[in-house]
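Me: I would like to go through this model step by step, from the overall fold to one strand and then to the contact between chains. Please reason briefly before each answer.

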Amino acid sequence: MNGIGDSPPRPDGMAKVSGAARYADDIALPGEWFGATLRSPHAHARIRSLRWHPERAPAGTVCVTVADLPGPNGVQLLDDSWPILADGVVRHVAEPVALVAAPTRLAARQALAAFEVDYEPLAPVLTMEEAEAFPPLYELGMESGDFEAALAASHTVIVGEARTGYQEHIYIECQGMTAWIDEATGTVHALGSMQCPYYVHKALVHAFDLPDERVRVRASAVGGGFGGKEDFPSALAIHAALLARASDRPVKMIYDRHEDIVGTSKRHPAVIRTWTGVDAEGRLLALDIEIRMDGGAYATLSPVVLSRAILHSFGPYRCGAVRIRGKVLRTHTAPNSAFRGFGAPQVQLAMERQMDRIGRALGLDPYEIRSRNVVEPGDKLPTGQVLDASTSARLCLEEAERRTGFRARWRELEAARAQAKDGELQRGIGLALYFHGAGFTGNGERRMRSPVTARLLDDGRIEIATAMTDMGQGCAAIFPQMAAAAAGVGAEDLVFAEPDTAEVPDSGPTVASRTTMIVGGVLVRAVEQIRDRVLAVATAGESFRDAARRLRAAGPVEVTCYHEPLEHQTFDESTYRGAAYPTYAWGADVAEVEVDPDTLAVRPLRVTAVCEVGRAIHPTLCAGQIEGGTLQAVGWALLEEIKLQDGRYLNDRLATYIIPTIRDSPRIDVHLLERGWEGGPFGAKGVGELPMDGGAPAILQAIENATGLVPAEVPATPERLLALALTPSPAPSPPWSHLS
Amino acid sequence: MSTDFAVNGRAVTVDGHPMERLLDVLRGTLELTGTKEGCGEGECGACTVLLDGEPVLSCLVPLFQCAGRKVETVEEIAAGPHRDLLERFVAAGGVQCGACTPGIVVTACALLDENPSPDRDEARRALAGNLCRCTGYEGILRALCGEPAR
């Protein structure tokens, strides 16, 4: 019997450790060919002509250009403004221009040389500074309280800026998809690595102008996602299906690492300026935040990334008057899109650095300035949302202090810095407080409804059908665990249906930390209804399985339930008033670093992460999310960087885009706090993205503690820290809107 | 050109270009898809196999170098004497998405053959060439160093 709070072995575990699990490139369909993509070498250019010379390509090769599209030239996401293939103009380096398929991988690559493209280069916009002069992809803002009056009443006004760079997902399995077209019915099939089978489904329906039932999408084993397989697989599935249609064969498209880095989305680079008025005790009175994100050439998911950024930009703090504006700027670079945290890590880095500036200005340590401002149950966020009883920011702060002795150590190292001898390694400790809203922003869950189906199989087991994919986070373990607990049966009585749009309802995408909390909640209700029907017919002493088999023999037993938002969760999308998220998970990180004073290389030694997650259904998997997310945050803070030259990524391979190895990694010490949340299944909140929010600001504060430098940009590479050491602090700029 | 070598205890003769990557021979010709490609340039370790008992990156090994030698892949190693390690990987949270896992399992088993009870520093040195993006390496270290699952 696997109860809630136990950590049974994940059901896919042994297949994964023994190499038996089948990922996109491990599945070979009879007669399959291989696809390849012709990509733009320019950041911005007009395509004067595109010619295909079949005599230069391996025999039998087929090609697809924009002229061959059967429907609209757009990948359907929020809208369809992202082209399937460039039509007349390329807007970023590596933009897909044409496709080929051939009998072998090598032949497909060789065939790309049979295209002749005449480009007329156009002036590109490559930086956010240049992009300010052009219309943004999207802009959004919110206000609450009387900002001017609150600012006028402030004792001290602090301004600051933070900058964050690209982050590439580096899921270890690159993008991969196979598509084919059923000869008899014309049904388009796609099978591959994805987070969101119904996004792929919707995109294929749109691109091929087909009815829903003529498209079928299945997920293979997924070798990591982190947001990188939220939108991109939709484009890849269309590409593979276009080639399948042209060649009358299954066509597989597997990106190699270089192609995956140059051709797919990244975390949005961002610049955030913050202008804060505080009273004499350091309490926040007025908060003005301006957010700029680099959206790249097409909007993809940027509008919702910006929305989430705005709703996390004030951090887990009380403030009566806020004014927040954000823009996603358009540049001639590949679209930036979903990455774990979805805009929240950038803005919380900025807010945490701002809290540190305020603390330093008023002589308050990082713990104290946070403690004076932290939200409590019953407080209102700037949206007007009244925080529920599970609001745990202070609890996390206090627990982090209790476990690490942060305050004493911080003061000790501040003092030690003054006495540091030349060449001696410098230690630093840093603290960050953070929160993350789980589930879709605003009314997204109300609209999605997230149907989940539970049904009895002939043998009396309960099958649970959702559209969620297990990309490593473990829903294939947790869903049966929750269902078994809800039905009062063993996990062996449950079957987790493989994600297949012909078999499972559209319970939404596997994103936004929504799987356990939202879809899991619907699943529990569906299983409870099945349980009640079985128990109603069960005779004394009969096992659940026997009763279920008997009931099933009399006819189909199937229940579909839908997400029912809590009554209080209403949100006005025009004013940004209301409950933007059903609840929040909370965290406090303490990072310890060692800095080499000669090279300014930073070595992270330990990160203690205290996270309040409502209830950990499976503590090992829950802590695993926090361990892995914390290391991604450490990588973003210190190592991971993409530089651009003429719109081309210079760090476009794993030899130059550096993620933490096991030797670069700190000890990560996770402490789960579980207060339970009335709206979640068994009290659970969403947790997947939470750990991405705290690591970077904790590391930067620790560097400050060690060196006296005040970094507010990630990654804090030795080069950046050296530049900071050599430059006298420039006067911080006020927010953009106050420049005139 | 044909190359004779042993894969997982079985003699094989592979017809292929001498510079063909061992990774492609294993995954394609021999249909041993447990070995994964993560980068194709020797940075990530997902394609690690044993060549005469030593961990190597099969994306960097050309076929001709295998002539007369012994290759062991994750399929064979997982069926070997280290089953308890595999179970510990699952129990300790050492596996999430699983794409890096076969390479890590191969490297870890080779370490255990030499050092049955490595400490964290020894494990970190042995696994320096294997990237994992999911676990933060904590679950892997718990499994390999015999620490409590959590």
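Reply: A residue is buried if 20 or more other C-beta atoms lie within 10 Å of its own. The model is a predicted one, and by that cut-off the share of buried residues among the 740 of chain A comes to 60%.

Me: Which radius of gyration does chain A have, against that of a compact globule with 740 residues?
Reply: The C-alpha trace of chain A spans about 80 × 75 × 50 Å along its principal axes. For a compact globule of 740 residues one would expect a radius of gyration near 27 Å, and chain A agrees with this, its own value being 26 Å.

Me: Which strand of chain A pairs with β1(A) in the antiparallel sense?
Reply: Strand β1 of chain A, residues 33-39, is mostly covered, with six of its seven residues buried. Two bridges join β1(A) in parallel to β12(A), residues 251-254, where Trp33(A) stands opposite Val251(A). Thr37(A) has Leu99(A) as its bridge partner, and the antiparallel pairing, which runs over six bridges, is with strand β5(A), residues 96-102.

Me: Which element supplies the largest share of the side of chain A that touches chain B?
Reply: The contact takes 44 residues from chain A and 40 residues from chain B. On the chain A side, α1 (13-17) and α17 (619-638) each supply at least two residues. By class this side has 21 nonpolar, 14 polar and nine charged residues, and its largest share, nine residues, comes from α17(A).

Key: Residues numbered from 1 in each chain as written. Chains lettered and ligands numbered in written order. Predicted model: local features only at pLDDT ≥ 70, side-chain atom pairs only at ≥ 80, totals over all residues. Contact = placed C-beta atoms within 7 Å. Helix = DSSP H or I, 4+ residues; strand = E, 2+ residues; numbered from the N terminus. Nonpolar A, V, L, I, M, F, W, Y, C, P; charged D, E, K, R; others polar. Buried ≥ 20, exposed ≤ 12 C-beta atoms within 10 Å, placed from the backbone. Pairing = 2+ DSSP bridges. Rg over C-alpha atoms; globule rule 2.2 N^0.38 Å.
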